[in-house]
Amino acid sequence: MKKDVVIIGAGPAGIFTAIEMLRKGSKQSIMIVEKGQPVEKRHCPKDKTGYCVNCKPYCHITTGFSGAGAFSDGKLSLNCEVGGELPNLIGADVAQETIEYADKIYLEFGASTEVEGVGNTEEVKDIRKRAIKAGLRLVDCPIRHLGTEKAQDLYYAIEQYLLNNGVEMMFGWECTNLILEGDECRGVYLSNGKETCSIEAKRTVVATGRRGADWLEKICIEHNIAHQPGTVDIGVRVEVRNEIMERVNEVLYESKLIGYPQPYKNKVRTFCQNPGGFVSQENYDNDLAVVNGHSYKDLKSNNTNLAILVSHNFSEPFNQPIAYAQKVGELTNMLGAGHIMVQRFGDILDGKRTWQKELAQSNVKPTLPDVVAGDITAAMPYRAMINIINFIKAMDEVVPGFASYETLLYSPELKFYSNRVKMDTRFNTSVKGLHCLGDSSGWTRGLMMASVMGVLMGREISKEG
């Protein structure tokens with residue numbers, strides 16, 4: 001099979017590459033390869049069973065058209081200060097302009113016109129004042145919230161738009177390797193578990209998302225593609241009652257706070273805040289279960305959940321940050337018998353595990369049905385745990401009650417985007433004809449910035465016709 005462009009991964013980066021090529025009038029043939037299923041065929045059995053059945057061959061929540069975006073809470077961050085290091089590569093002005101352009105495309109396909117976190121100037125000032133006093137920095141970021149159910153409808157509309165405009169898609173196929181001739185990429189090798197095939201292409205765009213970061217790192221090592229170990233995030237998902245977060249939820253919707261707590265001064269940040277949301281589970285190819293969170297536009301819980309992530313940067317001789325984070329997750333899964341674990345904050349401070357009976361008596365009821373009560377500190381690295389504890393105490397000064405005894409901490413919350421591929425401003429790697437986009441490239445974190453990278457890639461490829 002021969003195509004002008006082959007895109008590996010149907011997440012936001014790959015999708016927006018194809019969209020922009022169409023909008024620029026490119027006549028080049030495009031093939032998108034996705035190991036998961038189309039949006040309309042992605043269904044998580046847990047909705048009916050109440051527990052994770054560990055779907056094979058791939059988890060429907062993390063894999064398929066639109067990637068994890070279809071089953072996340074679908075938040076589009078509209079400030080280039082949020083979403084990774086891409087502005088350092090292309091410039092902040094270009095990044096912000098492209099965010100506004102990509103945002104209009106999302107609106108065309110049905111995104112809500114409502115933007116959270118704007119206005120309320122005096123209230124924001126008060127929250128910022130308390131954050132400064134606590135040693136934290138509040139990042140202003142308008143949010144366009146799609147909602148989990150709305151996100152699926154939106155991405156289905158995009159999927160049909162691409163198909164109706166001549167973009168071909170192969171679902172259920174996985175890229176096993178690149179076709180290389182010297183220092184040039186000529187396409188990809190594929191497998192669906194039963195058969196193998198190859199696609200020759202002038203341009204190969206790898207956009208495998210956070211889920212594919214480990215695979216891309218191995219490909220870079222195998223083919224000497226210039227890259228460097230970057231940051232890996234290890235943390236927890238915190239869940240509290242809505243009453244605790246009520247003011248912040250109303251004023252900001254998502255409070256993006258950053259701190260460098262004593263004694264280690266690692267960067268610690270909040271991420272993916274879900275007012276009235278639900279804690280969820282994601283499974284990776286090696287049966288690693290990690291925690292996440294999402295929120296619907298209409299269906300609401302009594303709780304708010306958010307991630308607290310500790311950034312880890314490693315120096316010589318260690319250069320496998322993704323493997324390090326996976327080991328932390330595997331140890332936590334082992335203690336939880338394959339399930340996500342949860343522990344009350346007060347129990348952590350008291351040096352004891354949490355028991356299921358204690359959860360049943362608490363004000364904060366877990367929104368993840370099959371979570372296992374236990375001791376997350378037995379698996380969490382000491383440095384990360386101390387950072388998390390001290391950050392939560394600082395958060396309590398901004399949001400009184402956040403560090404209450406009954407606050408729930410779920411583990412493991414891991415973000416695999418540590419491998420950073422070296423590229424120029426046109427996303428050219430050290431291998432001719434090969435481009436790496438989105439979270440797996442190490443340059444972006446989240447839906448919007450991955451979409452921005454796709455837009456710019458689409459424009460670049462369209463110059464060829």
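**Close-ups of a predicted model**

**View 1. H5 passes H8 in a left-handed crossing.** This is a predicted model, and the opening close-up stays with that helix pair. H5 covers residues 121–133, and its axis sits 9 Å from that of H8, at an angle of about 125°. That angle makes H5 oblique to H8. On the H5 side, the residues involved are Glu123, Val124, Asp126, Ile127 and Arg130; over on H8 they meet Arg247, Val248 and Val251.

**View 2. Eight strands line up in an open sheet with mixed pairing.** Reading across, the order goes S4-S12-S13-S16-S11-S19-S17-S18. The edges belong to S4 (136–139) and S18 (372–373), each of which pairs on one side only. Helix H8 (residues 242–251) turns up again here, packing on the sheet, where it touches S11 (231–241), S13 (268–274) and S16 (303–313). Its direction makes about 110° with that of S11. Helix H12 (residues 382–398) also lies across the sheet's strands, namely S4, S11, S12 (256–259), S13, S16 and S19. H12 runs at about 135° to S16.

**View 3. Zooming in on the sheet, S17 and S19 pair in the antiparallel sense.** S17 takes in residues 341–344 and S19 residues 408–415, with four bridges between them. For a handy landmark, look for Gln343, which stands opposite Leu409 in S19.

**View 4. The largest nonpolar core has 72 residues.** Which of its members touch the most others? They are Tyr155, Leu162 and Phe427. Helix H13 (residues 447–462) is the top contributor to this core, giving ten residues. Take Phe427 as the centre of the close-up: setting aside neighbours within four places in sequence, its contacts include Leu86, Leu89 and Ile90. Further along the chain, Phe427 is also in contact with Leu434, His435, Cys436 and Leu437, plus Met453, Leu456 and Met457. Apart from this core lies another one, of 46 residues, whose members include Ile127, Tyr284, Ile388 and Phe391. Ile127 is a familiar face from the first view, being one of the H5 residues that meet H8.

**View 5. Asn192 sits in the loop between S8 and S9.** The flanking strands are S8 (184–191) and S9 (196–206). Is Asn192 buried or partly exposed? With 29% relative accessibility, it counts as partly exposed. Leaving out neighbours within four places in sequence, Asn192 is in contact with Gly172 and Trp173. To give a sense of scale, Glu316 is 124 residues away from Asn192 in sequence and 38 Å away in space, C-alpha to C-alpha.

Key:
Residues numbered from 1 in each chain as written. Predicted model: local features only at pLDDT ≥ 70, side-chain atom pairs only at ≥ 80, totals over all residues. Heavy atoms only, no water. Pairing = 2+ DSSP bridges. Helix = DSSP H or I, 4+ residues; strand = E, 2+ residues; numbered from the N terminus. Contact = heavy atoms within 4.5 Å. Axes fitted to C-alpha atoms, helices over the stretch in contact; angles between N-to-C directions. Core = buried A, V, L, I, M, F, W, Y, C linked by side-chain atoms within 4.5 Å. Buried < 20%, exposed > 50% of the residue type's maximum accessible area, 1.4 Å probe, protein only. Parallel < 35°, antiparallel > 145°, perpendicular 65-115°, else oblique. Left-handed = near helix turned anticlockwise from the far one by under 90°.
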